[in-house]
Amino acid sequence: MVTESLSHSAVRTAVPMDWHATYQRTLWVSDAIIVAGVVFLTQFVWFTLTGEPVTRPVDNVEPITYTWLSVALVVAWLAALSISGSRSPRTVGIGTGEYRKVIASALYLFAVLAIVSYLTTTDVSRGYLLLSFPVGMALLLISRALWRRRLWAARRSGEAMSRVLVIGDDEESARIVRELDSMPEAGYRVVGVSGPGSRSDFMSAGIEVPFLGPVEDVDRMLRMTGADTVIVASDAALPVERVREISWQLESGRQHLIMVPSLTDIGGPRIHTRPVAGLPLVHVETPRYTGRQRVLKRSFDILGSGALLLILAPLFAVLALLVKTSSAGPVFYTQERIGKEGQPFQMIKFRSMITGADDMLQQLLAAQGTADQPLHKIDNDPRITKIGRILRKYSLDEFPQLINVFKGDMSLVGPRPQRESEVAFYDSSAERRLIVKPGMSGLWQVSGRSALSWDEALRLDLYYVENWSLLGDISILFRTFKAVLAPGETAH
């Protein structure tokens with residue numbers, strides 16, 4: 001029975017607007033404009049500059065007109081984007097799956113065209129295709145990122161959200177509510193909880209959304225709250241038959257059932273589902289770094305750090321001059337940090353503190369009562385120079401670490417490099433941070449930086465270690481550029 005404490009505002013019988021369809025139509029129109037614009041503009045520019053004929057003869061058939069070829073290419077590209085599921089509600093809005101499918105659509109289509117051209121011995125202008133695909137793919141990715149930012153802004157204001165009913169015990173429901181509330185960009189707003197126990201149990205767990213009572217009539221709860229999604233926790237103590245009955249009560253295409261496993265912080269690429277004898281088996285791959293992955297990451301580090309060192313050389317000279325003239329001491333500061341597999345290395349930074357700052361660390365940690373914590377950070381650190389505060393706020397002091405990356409001591413992206421005194425506090429879980437090289441940037445830096453607690457920073461670092469991907473590194477680097485340009489209040 002639904003408790004009388006259910007607030008009137010939560011009892012909504014109106015069906016929320018289907019924003020999924022609206023957003024999909026928006027993406028389709030945006031994709032069509034970009035693909036058509038790129039293909040036809042490339043055709044005009046390429047054939048104008050090269051002087052190649054727009055019509056090309058073909059043996060025993062009508063000659064090829066590139067205008068019709070462009071029309072076919074646009075239609076095929078849009079179809080590939082649809083077939084790949086790049087606009088699916090399960091894909092858009094969060095994660096890297098949307099971007100991977102946009103890239104895969106272009107690559108597969110290009111491969112198909114190359115095979116067809118070879119098998120039919122059709123001589124299609126290579127420059128026309130080689131220019132269309134990378135430009136179109138880049139603009140599609142930029143467009144999707146911009147639409148995603150707009151969607152996130154709408155979700156942070158409470159729009160374009162799926163209304164969720166959570167079924168589970170008090171602790172698990174509290175965890176789900178807390179995680180979903182912390183990331184409104186994911187698009188889930190919990191409007192009610194249900195499960196074993198009493199309302200007081202759920203309130204004591206810190207759940208502020210209405211408690212709807214035991215799981216007796218999910219259909220009625222959905223109507224009263226206007227929910228379109230049911231999330232069932234792994235420990236909801238529901239028999240298989242009851243979960244199946246709940247799925248039958250949901251309206252196909254509009255209402256959805258989500259099962260939450262108790263295993264957390266596992267990335268999508270490591271999870272595979274396979275139905276066997278009616279059992280929906282979930283395979284969780286063991287995290288491992290293959291030789292190919294290691295070569296790919298190291299190549300990315302060498303090329304990225306080398307290019308940045310060349311591009312930023314003039315800025316290095318300016319920053320070095322500012323550090324040298326602002327306070328007494330050397331331009332660069334080196335400190336021993338612990339790297340991959342516990343091996344120490346000398347990390348290079350622009351000096352942002354007064355000379356002898358290391359000797360003052362333990363005294364300052366003891367003064368603020370954090371000497372026994374593994375994350376050594378000082379609030380309102382008096383050792384930082386005036387120019388050092390600016391360097392730290394915009395992460396300019398860390399630019400010389402590009403030298404560490406190029407040498408192989410560090411990576412562009414990875415866990416936060418820590419001192420030996422901090423590593424001494426590691427337990428068996430924290431030691432997994434040392435599986436990979438520490439990074440100039442990482443999830444901790446783009447997710448709160450100095451505002452994060454040790455537990456939060458550790459969780460982010462372990463998630464990175466367990467679920468590494470090159471596309472994830474690229475995503476973190478883009479977020480890092482944003483954090484550097486707009487550091488906010490958490491950078492110091």
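Buried means under 20% relative accessible area, exposed means over 50%, and partly exposed covers the range in between, with a 1.4 Å probe and protein chains only. The views show a predicted model, in which local features need pLDDT of at least 70, side-chain atom pairs count only at pLDDT 80 or more, and totals for chains, interfaces and linings use all residues. Residues are numbered from 1 along each chain as its sequence is written, and side-chain values use heavy atoms, with hydrogens and water left out.

**E341 in the loop between β9 and β10 has a positive phi.** The phi of E341 is near 55°, a positive value in a residue other than glycine. The loop that holds E341 runs between β9 (332-338) and β10 (344-350), where helices (H or I, at least four residues) and strands (E, at least two) are DSSP runs numbered from the N terminus. With a relative accessible area of 62%, E341 is exposed.

**A160 has a positive phi in the loop between α4 and β3.** Although A160 is not a glycine, its phi is positive, at about 50°. The loop in this view lies between α4 and β3 (162-167), and A160 is part of that loop. Most residues other than glycine have a negative phi.

**Helices α3 and α4 are shown where their axes approach each other.** Two packed helices are described by the angle between their axes and the distance between the axes. For helix α3 (residues 97-119) and α4, the axes come within 10 Å and cross at roughly 165°, which makes α3 roughly antiparallel to α4. The axes are lines fitted to C-alpha atoms, for helices over the stretch in contact, and angles run from 0 to 180 degrees between N-to-C directions; angles under 35 degrees count as roughly parallel, over 145 as roughly antiparallel, 65 to 115 as roughly perpendicular, and the rest as oblique. The crossing in which α3 passes α4 is right-handed, the near helix being turned clockwise from the far one by less than a right angle, whereas an anticlockwise turn would be left-handed.

**R148 and E98 form a salt bridge that links α4 with α3.** The closest N and O atoms of R148 and E98 are 2.8 Å apart, where a salt bridge is a side-chain nitrogen of Lys or Arg within 4 Å of a carboxyl oxygen of Asp or Glu. R148, in helix α4, and E98, in helix α3, are 50 residues apart, and the pair thus links distant parts of the chain. Both R148 and E98 are buried. By this rule, the count comes to 13 salt bridges.

**I142 in helix α4 contributes to a nonpolar surface patch.** Residues L131, V135, L139, I142 and L146 make a nonpolar patch of about 410 Å² on the surface. Patches are made of residues with over 30% relative accessible area and no salt bridge, like charges being joined within 9 Å and nonpolar side chains (Val, Leu, Ile, Met, Phe, Trp, Tyr) within 5 Å, and the accessible areas come from the Shrake-Rupley method with a 1.4 Å probe, only the protein chains shown counting as cover for residues. I142 lies in helix α4, which spans residues 126-156, and I142 counts as partly exposed at 48% relative accessibility. From I142 to Y99, 43 residues apart in sequence, the distance in space is 9.7 Å, C-alpha to C-alpha.

**E172 and R175 are joined by a salt bridge within helix α5.** The side chains of E172 and R175 meet at 2.4 Å, N to O. Both residues lie in helix α5 (residues 170-182), three residues apart, which is about one turn of the helix. E172 counts as buried, at 10% relative accessibility.

**D219 and R223 are joined by a salt bridge in helix α7.** The closest N and O atoms of D219 and R223 are 2.4 Å apart. The two residues are separated by about one helical turn, because they are four residues apart in helix α7 (residues 218-225). D219 is partly exposed, with a relative accessible area of 28%, and R223 counts as partly exposed at 48%. Salt bridges that share partners also join D31, R87, E98, R144 and R148 into one network.

**Helices α2 and α3 pack at an oblique angle, with L73 in helix α2.** Helix α2 (residues 66-83) and α3 have axes 9 Å apart and pack at an angle of about 135°; α2 and α3 are therefore oblique to each other. Their crossing is right-handed. L73, placed in helix α2, counts as buried at 3% relative accessibility. L73 and V35 are 38 residues apart in sequence, and their C-alpha atoms are 8.9 Å apart in space.
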